[in-house]
Structures are given as C-alpha cells and as structure tokens.
Amino acid sequence: MATSFVVPGRAAAVPLEIAGTGAARRRGLLGRTGIDGALLLTRTRSVHTLGMRFAIDVAHLDRDLGVLSVRTMRPGRIGLPRLRARYVLEAEAGAMRGWGLTPGTRLKMAEN
C-alpha cells in the first residue's frame with residue numbers, strides 16, 4: 001500500500017516512504033542519489049548527512065505531525081536534536097519550500 005502526505009492548502013499529495021525500523025532509520029537516504037517524495041523517520045529527533053551524496057531538506061515533526069522546524073543540510077553535517085520532535089521528514093534540498101512546508105504546518109497522512 002502506497003503512502004503519501006498532504007500539506008494543507010496544496011492540491012497534490014507527496015509520495016512518502018516510512019522508515020519505521022531501527023535498520024531502516026539507520027540506512028535512511030544513505031547510498032541514494034535522490035528521492036521521489038520524502039522519507040519519514042519514526043521515533044527520531046535528529047539526523048546526520050555523513051556519507052550522503054546530496055543535500056537534503058529536514059523537517060522536525062511533533063507527535064501530531066506538526067512541523068517544528070525546516071532546514072537544509074549539506075552532506076557531511078550532524079544535526080542537533082529537537083526535544084519535542086518525534087519524527088523527521090527528509091527530502092531533496094528545495095523540495096519542502098516547493099511544498100509550502102513551514103514551521104506550524106500540520107501534515108495529513110493519506111493512503112493511495
């Protein structure tokens with residue numbers, strides 16, 4: 001079953017991969033050259049881009065999928081944890097701006 005999320009006020013759903021296991025969270029986007037849509041890391045407060053091949057947008061989400069922060073991380077960086085974060089959303093750099101994702105936005109999950 002395919003999963004996606006919707007940004008309120010935007011028509012198009014964004015394809016979403018979910019990394020719900022420890023192994024999937026550790027692997028993240030490592031080894032990839034890009035992603036169509038976004039990757040949601042569960043039970044995560046911070047990420048790094050060590051070994052990444054491309055810059056990514058990172059959004060920290062609270063338990064209700066509310067956006068706490070959005071930033072772009074270049075390869076080789078270590079992000080600081082967000083204490084209220086329960087999820088981290090990753091996408092190619094620039095994608096979140098295009099989706100209209102800003103702090104205070106609440107995402108809505110959808111199944112395709």
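**View A. Thirteen residues line the largest pocket.** The lining of the largest pocket counts 13 residues, and R25, R26, L41, V47 and H48 are the ones nearest its centre. Everything shown here and in the other views comes from a predicted model. The space inside this pocket comes to about 180 Å³. If you want to know which element gives the most to the lining, look at helix 1, residues 22-27, which supplies three residues. The lining is a mix: five of its residues are nonpolar, four are polar and four are charged.

**View B. Seven strands make an open sheet.** Read across the sheet and the strand order goes 5-4-6-3-2-1-7, with mixed pairing. Out at the edges sit strand 5 (67-73) and strand 7 (108-111), each with a pairing partner on one side only. Going from one strand to the next, the twist averages 30°. As a bit of background, the strands of a sheet pair through backbone hydrogen bonds, and they can do so in a parallel or an antiparallel way.

**View C. Strand 1 has a partner on either side.** Strand 1 covers residues 3-6 and runs antiparallel to strand 2, residues 14-19, with three bridges joining the two. Two residue matches help you find your way along this pairing: T3 has L16 as its bridge partner in strand 2, and S4 stands opposite P15. Strand 7 is joined to strand 1 as well, by four bridges and again antiparallel. Here, F5 is the residue to pick out, with M109 in strand 7 as its bridge partner.

**View D. F5 meets W99 in an aromatic pair.** Stay with F5 for a moment, but turn to its ring. The model has one aromatic pair. The ring centres of F5 and W99 are 5.6 Å apart and the ring planes stand at 85°, so this pair counts as edge-to-face. F5 belongs to strand 1 while W99 belongs to helix 2 (residues 95-99), so the pair links parts of the chain that are 94 residues apart in sequence. Is F5 buried or exposed, and what about W99? Both F5 and W99 are buried.

**View E. Strand 6 pairs with strand 3 and with strand 4.** Strand 6 takes in residues 87-92, and five bridges pair it in the antiparallel sense with strand 3, residues 38-42. Strand 4, residues 56-61, also runs antiparallel to strand 6, joined to it by six bridges. A91 is a handy landmark in strand 6: A38 has A91 as its bridge partner, and D57 stands opposite A91 too. Further along, H60 stands opposite V88 of strand 6.

**View F. Strand 4 is covered on both faces.** How many of the six residues of strand 4 are buried? Six of the six are, which makes this strand mostly covered. On one side you'll find I56, V58 and H60, on the other D57, A59 and L61, and all of them are buried.

**View G. A hairpin joins strand 4 to strand 5.** Strand 4 and strand 5 run antiparallel, with six bridges between them. L61 has V67 in strand 5 as its bridge partner. Together the two strands form a hairpin, with five residues between them. L65 is the one to look for in the turn, with a positive phi of about 65°. That is a positive value in a residue other than glycine. With a relative accessibility of 13%, below the 20% cut-off, L65 counts as buried.

**View H. R43 and G79 sit in two other loops.** R43 lies in the loop between strand 3 and strand 4. Its phi is positive, about 45°, although R43 is not a glycine. R43 has a relative accessible area of 63% and is exposed. G79, by contrast, is buried at 10% relative accessibility, and you'll find G79 in the loop between strand 5 and strand 6. For a distance to go with this view, take the C-alpha atoms of G79 and R45: they are 9.3 Å apart, while the two residues are 34 residues apart along the chain.

Terms used
Residues are numbered from 1 along each chain as its sequence is written. This is a predicted model: local features need pLDDT of at least 70, side-chain atom pairs count only at pLDDT 80 or more; totals for chains, interfaces and linings use all residues. Side-chain values use heavy atoms; hydrogens and water are left out. On a 1 Å grid over the protein atoms alone, a cavity is a set of points where a 1.4 Å probe fits but cannot get out, and a pocket is an open set with protein on both sides within 12 Å along at least five of seven lines; lining residues have an atom within 4 Å of a point. Grid points are joined across faces, edges and corners, and a volume is the space filled by probe spheres set on the points. Ala, Val, Leu, Ile, Met, Phe, Trp, Tyr, Cys and Pro count as nonpolar, Asp, Glu, Lys and Arg as charged, and the others, Gly among them, as polar. Two strands pair if DSSP finds at least two bridges between them. Axes are lines fitted to C-alpha atoms, for helices over the stretch in contact, and angles run from 0 to 180 degrees between N-to-C directions. Rings of Phe, Tyr and Trp (its six-membered ring) pair if their centres lie within 6.5 Å; planes under 30 degrees apart count as stacked, over 60 as edge-to-face and the rest as tilted. Buried means under 20% relative accessible area, exposed over 50%, partly exposed in between (1.4 Å probe, protein chains only).
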